[in-house]
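Got your viewer open and a hand on the mouse? Follow along, one selection at a time.

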Amino acid sequence: MSKEQILSSDGIPLEQSLKKAERKNKLKAVLLVAPLFLFILIIYVFPIGDMLFRSVDDRMITKMLPKTFIAIENWDGQDLPDEPVYKGLYEDLKFLKENKTYGKIIARLNYEKSGFSSLIKKTVRKISKFDEGNYKEQFIEVHKRWGQSEYLIALKNAAPNWSYAKYLKGVDMKFDQDRNIVLVEEDRRIYKILWMRTLNVAFWVTIFCFILAYPISHLLATLPMKYSNLLMICVLLPFWTSLLVRTSSWMVLLQQQGPINDLIVWLGLAADDSRPELMYNVIGTFVAMTQILLPFMVLPLYSVMKTISPSLMRAGKSLGGTPLVSFLKIYFPLTIPGIGAGCLLVFILAIGYYITPALVGGASGSLISNTIAYHMKSSLDWAFASALGTMLLVGVLAIYWVYNKLVGIDNIKLG
Amino acid sequence: MSKNDRFVRFDNVDKSYDGKELVVKGLNLDIAEGEFVTMLGPSGSGKTTCLMMLAGFETPTNGQIYLDNNVISNIPPHKRGIGMVFQNYALFPHMTVYENLAFPLRVRKIPKDEADKKVDKALSMVSLQGFEARMPMQLSGGQQQRVAVARSLVFDPQLVLMDEPLGALDKNLRESMQYEIKHIHESIGVTVVYVTHDQTEALTMSNRIAVFNDGKVQQLSSPDELYERPVNSFVAEFIGENNTFGGEIIDVSGQKCKVKLNSGAEIFANPIVAKSKGEKTTVSLRPERAIIDPQTSMDNNHKGKIEEVIYHGDHTRLRVDLLGNKEFILKIPNSSSGMGVKEGKEINIGWNSTDCRALDPK
């Protein structure tokens, strides 16, 4: 049977006239969304793209030593390279010296292999006295390391435009000189500890938040409006207070001469001269972060519990379920969307938390975000900071994926 | 086995929520085994509170409730073994129909094959076989209601409580569900306590109806008794349509009294509450008991003027100005001959004094 085209009353195909009628509304919708779309693009998508890009971008050194890298490409890495490599190196370094911009490559090459710092500095000092031709000999004369193939291999290894070395560094690994991926020396493996601590803190903060928030949310959802509003304000009040203020007040409370320690001493749980350290370690991080992230658990739980009719629990009881059975079989399963939302929210926030661990965490309580900040602000290794940031992002997405597989993201409820 | 006439017994039960006002006042109520009793009343009359006390979700402030001669005040709800159907069905949304029905059996540790049989039987009772795997959200309101009814009966309780179970359904569905619940009750002989504010529902379904108002049972009797012989003005007003006249008794003789109405006219009535001369009274008369141009002689006969004609399909309603009452309603059947009723027309209206009950003054 042939499908007949339906026409609207003025003879235009129905589909077409529908589109025409809807066009204006569509345009309006697009215009309404456009500012937010642009905002997200500029503020969010672009910086993340830039971060991803920076974490693997290794073009700086390639740009600074262009001739060297072209020449070194043909070298097999066995014997010392031939004259063209040294000639290229000479021209590049000379150019850099004239422009006084060789400082950057020193740090980059020294990261590739220690010893480059003095090597480059000494070479650059003497490079203006080089004669034309036979650069290889002159280089080796300036510093004998130019005659050791390991330094030249290191140089060759720095050549590719893109490198994932920063990611390896983020998991305590590196390239050895034969481009094999190996673990760094045992006493330098700090990132694994840091990652594990971050995950550990995020996990336990989530658990503590859940344990504390579940009864409160239930109370909020079941109390008469008069009391629940007051309780809600109590929950939200800290939420409205500046994060810095809250963290600082925890510092006041938790310090060694602070009220909590006074209480512990007064109760006789600790001697006055051996007051426990509640701050500048993981305890401080746990306590302060749990309190600060609590509303993020309470709100989704509350909003889900609010939708559960009290008659369901009554039905459970009237059908013969003890209060515990009714809770476990009826109430609890119905709150899972809220638990999922709350836990995901708290975990993701905790895993990238910065201010609180920075202020109350001390050295043993600092997290991966503090390290990222350190590399952004102090060591200026932005590529590494970007790599750590990307790893954090990927980690969060992985958690999200696992959650979606286990619980299903449609099951999430924020309100 | 003889039936227990006091299967459920409220003995002087008081209930207050805030310590200031009594929601239920000195309630005495006996319900026989196998009976279908409806608690009927306006909202806030205490009927749902009574049901909740019976189910165990509220405790009586004073007095005792007995179930099969045992005091149940100290038994928690899950041990009372009372089935309950809730206003909003209260089906567990995360369980299938089968799991919903199996829940009371599972908590009672009934073996699976026996439980399966019971679930099957309960579902066939509400004609929902084949719906076991559905989720409650996938069912229509009526189907959800049937599942709720089946769930309340699946564990063979002796008593089932229903709290306005049909309130959320549309009119047609509500009517068919009324019959269905009534038939289920008749076929399995379970005792049912049913709460509603819909009087037609109560009249259709119940063996006896307890009319609640102001925390008290105003009248407990069979539907016809309740309609034909209300014991006070509240019941007369609440059940069915009702025409009233305020007045004072000026003469009593046996089963007849003379009432002088506020408008000055005098009518004959049946002294029920107000029995002695000089008492104030409200006289109640059902619309269908007043007849236009009566052929047989009736002891009340008065002229009235038609104020409004309201067409109702199967019958027509007339609003008549009669003896100072401008809200007097008359019902006439819609026969093909027609009555020639028109607004402004004067008509003769007659009724018997036995149908005209002199009750307490409003």
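Start with a pair of residues. Select Tyr311(B) and then Thr316(B) in β17(B): the two are bridge partners. Now widen the selection to the strands around them. Tyr311(B) and Thr316(B) belong to a pairing of β16 (residues 300-311) with β17 (residues 315-322) in chain B, where the strands run antiparallel and seven bridges join them.

Before you go on, remember that you're looking at a predicted model. How sure is the predictor about chain B? The mean pLDDT of chain B is 85, and 98% of its residues score at least 70. Colour chain B by confidence and look at two elements: β15(B) has the lowest mean, 81, while α2(B) has the highest, 91. For the complex, the predictor reports an ipTM of 0.78 and a pTM of 0.77.

**Stop 1: the whole sheet**

Keep β16(B) and β17(B) selected and add their neighbours. You should get an open sheet of five strands in chain B, in the order β15-β19-β16-β17-β18, paired antiparallel. Which strands stand at the edges? They are β15 (291-292) and β18 (325-333) of chain B; each has a single partner strand, so one side of each is left without a neighbour in the sheet. A bit of background while you look: strands of a sheet pair through backbone hydrogen bonds, either parallel or antiparallel.

**Stop 2: zoom out to chain B**

Show chain B as a cartoon. You'll be looking at eight helices and 20 strands. The C-alpha trace of chain B spans about 75 × 50 × 40 Å along its principal axes. Try colouring 8-232 as domain 1 and 241-359 as domain 2. The centres of these two domains of chain B, taken over C-alpha atoms, are 39 Å apart.

Chain B has 362 residues, and 40% of them count as buried. How far apart in sequence are the residues that touch? Take the contacts in chain B between residues at least 6 apart: 66% of those join residues at least 24 apart.

**Stop 3: a strand on the inside**

Select β14 of chain B, residues 280-285. Is β14(B) largely enclosed or left in the open? Five of its six residues are buried, so β14(B) is largely enclosed by the rest of the structure.

Now find the strands that pair with β14(B). One is β11 (residues 243-253) of chain B, which pairs with β14(B) in the antiparallel sense over six bridges. Click Gly247(B) and you'll find its bridge partner in β14(B), Thr281(B). Another is β20 (residues 357-359) of chain B, joined to β14(B) by three bridges, again antiparallel. There, Val283(B) has Ala358(B) of β20(B) as its bridge partner.

**Stop 4: a hairpin**

Head over to β1 (residues 8-16) and β4 (residues 62-67) of chain B, which run antiparallel with five bridges between them. Asp14(B) stands opposite Asn62(B) in β4(B). Next, add β5 (residues 70-71) of chain B: β4(B) and β5(B) pair in the antiparallel sense over two bridges. Tyr66(B) has its bridge partner, Val71(B), in β5(B). Zoom in on the turn of this hairpin, which has two residues between the strands; Asp68(B) takes a positive phi there, near 55°.

**Stop 5: two more positive phi angles**

Jump to Ala90(B), in the loop between β6 (82-85) and α2 (97-107) of chain B. Ala90(B) isn't a glycine, yet its phi is positive, at about 50°. Is Ala90(B) buried or exposed? Ala90(B) is buried, with 27 other C-beta atoms within 10 Å.

Now switch to chain A and pick Tyr280(A), in the loop between α13 (259-266) and α14 (282-306). Tyr280(A) also has a positive phi, near 60°, without being a glycine. Count the surroundings and you get 20 other C-beta atoms within 10 Å, so Tyr280(A) is buried.

**Stop 6: chain A and the contact**

While you're in chain A, colour domain 1 (59-161) and domain 2 (191-411). Taken over C-alpha atoms, the centres of these domains of chain A lie 52 Å apart.

Last, show both chains together. The contact involves 19 residues from chain B and 15 residues from chain A. On the side of chain B that touches chain A, β6 and α2 each supply at least two residues. The biggest share there comes from α2(B), with three residues. Colour that side of chain B by residue type and you'll get 13 nonpolar, four polar and two charged residues.

Key: Residues numbered from 1 in each chain as written. Chains lettered and ligands numbered in written order. Predicted model: local features only at pLDDT ≥ 70, side-chain atom pairs only at ≥ 80, totals over all residues. Domains from an automatic or database assignment. Helix = DSSP H or I, 4+ residues; strand = E, 2+ residues; numbered from the N terminus. Buried ≥ 20, exposed ≤ 12 C-beta atoms within 10 Å, placed from the backbone. Contact = placed C-beta atoms within 7 Å. Pairing = 2+ DSSP bridges. pLDDT = per-residue confidence, 0-100. Nonpolar A, V, L, I, M, F, W, Y, C, P; charged D, E, K, R; others polar.
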